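Colleague: Please take one part of this model and walk me through it closely. I would like the surroundings too, in plain terms.

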Amino acid sequence: MLHPDYQYTPKLIYAMSSIIANNVYAVVLASRILGKGALKGGMPFYKYVSNRFLTLAQNILIGQKLSEYHTGYRAFSAEVLKNINFMVNSNDFIFDNEMLAQITMKGYEIAEVTCPTTYSKEVSSINFSRSIIYGWGVLRVSIQYRLHKWGLMKGKIYASSP
């Protein structure tokens, strides 16, 4: 999956799919945070700080150690797509985070590769008010994940496989 906003180079598709095809990992994320891709590529500082804060919160609540959860560049094995019920997920930006929570709940490991990015006025991007809504959604998904893991609630996105 590559978001169509021209922030990411498609040149990593082969490398990411190769990791999956060779059964090294079932999920690969292209990270703007590994290396210096985000700020070097022009990511607005408030988005960078928000990304880092949300990622820290998610790593604590979800129990991962990812450099970022918010990339628009991801690759999934067919097995992963068959074994998570992504059809119950949101039809909004939070969909990607719900998928990562489902993937983690199923026990799949996630690889990351560094990815350069480009931010410009021509590049479509989520605006500030949508970013706030997205951030609250990220926290909601992460808290629900933790509560589900503890058996304190049943998250509908983890209820059943497709």
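Modeller: What follows is a close look at helix α5, then at the helix beside it and a few loop residues around them.

A caution comes before the details. This is a predicted model.

**Helix α5 and its cover**

Helix α5 spans residues 95–105. Is it enclosed or open? Nine of its 11 residues are buried, so α5 is largely enclosed by the rest of the structure. The buried residues are Asp-96, Asn-97, Glu-98, Met-99, Leu-100, Ala-101, Gln-102, Ile-103 and Thr-104. The cut-off for buried is under 20% relative accessible area.

Several elements cover those buried residues. Among the strands are β1 (27–31), β2 (74–76) and β3 (110–114). Among the helices are α3 (45–62), α4 (78–83) and α6. Just after α5 comes Gly-107, with a positive phi of about 90°.

**α5 against α6**

Helix α6 covers residues 128–149. The axes of α5 and α6 come within 10 Å and cross at roughly 20°. Angles under 35 degrees count as roughly parallel. The two helices, α5 and α6, are therefore roughly parallel to each other. Their crossing is right-handed.

Which residues make the contact? From α5 come Asn-97, Glu-98, Ala-101, Thr-104 and Met-105. From α6 come Tyr-134, Val-138, Arg-140, Val-141, Tyr-145, His-148 and Lys-149. By type, the contact of α5 with α6 has six nonpolar, three polar and three charged residues.

A general point helps when you look along a helix. An α-helix has 3.6 residues a turn, so residues three or four places apart point the same way.

**α6 against α3**

Helix α6 also packs on α3. Here the angle is about 10°, and the axes are 9 Å apart. That makes α3 roughly parallel to α6. On the α3 side, the contact uses Tyr-46, Lys-47, Leu-54, Ala-57, Gln-58, Leu-61 and Ile-62. On the α6 side, it uses Phe-128, Ser-131, Gly-135, Val-138, Leu-139, Ser-142, Ile-143, Tyr-145 and Arg-146. The contact of α3 with α6 divides into 10 nonpolar, four polar and two charged residues.

Two α6 residues deserve a second look. Val-138 and Tyr-145 take part in the contact with α5. Val-138 and Tyr-145 are also listed in the contact with α3.

**Tyr-145 and its partner**

The whole structure holds three aromatic pairs. One of them joins Tyr-145 and Tyr-158, edge-to-face, with 6.0 Å centre to centre and 80° between the planes. Tyr-145 sits in helix α6, and Tyr-158 lies in the segment after α6, 13 residues apart. Tyr-145 is buried, at a relative accessible area of 1%. Tyr-158 counts as buried too, at 13%.

**His-70, a loop residue that reaches α5 and α6**

His-70 lies in the loop between α3 and β2. Its relative accessibility is 13%, so His-70 counts as buried. Leaving aside residues up to four places away in sequence, His-70 touches Asn-97, Tyr-134 and Val-138, among others. Those three also belong to the contact of α5 with α6. Other neighbours of His-70 include Leu-54 and Gln-58, which take part in the contact of α3 with α6. Tyr-8, Arg-32, Asn-51 and Thr-55 are touched as well. Along the chain, His-70 and Ala-30 are 40 residues apart; C-alpha to C-alpha, they are 9.8 Å apart.

**Phe-93, in the loop before α5**

Phe-93 is placed in the loop between α4 and α5. Is Phe-93 buried, exposed or partly exposed? At 38% relative accessibility, Phe-93 counts as partly exposed. Not counting residues up to four places away in sequence, Phe-93 touches Ile-126, Arg-130 and Tyr-134. Tyr-134 is also one of the α6 residues in contact with α5. Phe-93 and Gly-72 are 21 residues apart in sequence, with their C-alpha atoms 9.8 Å apart in space.

**Gly-63, in the loop after α3**

Gly-63 shares the loop between α3 and β2. Gly-63 is exposed, with a relative accessible area of 54%. With residues up to four places away set aside, Gly-63 touches Gln-58 and Arg-146. Gln-58 of α3 and Arg-146 of α6 both belong to the contact of those two helices.

Definitions and conventions:
Residues are numbered from 1 along each chain as its sequence is written. This is a predicted model: local features need pLDDT of at least 70, side-chain atom pairs count only at pLDDT 80 or more; totals for chains, interfaces and linings use all residues. Side-chain values use heavy atoms; hydrogens and water are left out. Axes are lines fitted to C-alpha atoms, for helices over the stretch in contact, and angles run from 0 to 180 degrees between N-to-C directions. Helices (H or I, at least four residues) and strands (E, at least two) are DSSP runs, numbered from the N terminus. Angles under 35 degrees count as roughly parallel, over 145 as roughly antiparallel, 65 to 115 as roughly perpendicular and the rest as oblique. A crossing is left-handed if the near helix is turned anticlockwise from the far one by less than a right angle, and right-handed if clockwise. Contact means heavy atoms within 4.5 Å. Ala, Val, Leu, Ile, Met, Phe, Trp, Tyr, Cys and Pro count as nonpolar, Asp, Glu, Lys and Arg as charged, and the others, Gly among them, as polar. Buried means under 20% relative accessible area, exposed over 50%, partly exposed in between (1.4 Å probe, protein chains only). Rings of Phe, Tyr and Trp (its six-membered ring) pair if their centres lie within 6.5 Å; planes under 30 degrees apart count as stacked, over 60 as edge-to-face and the rest as tilted.
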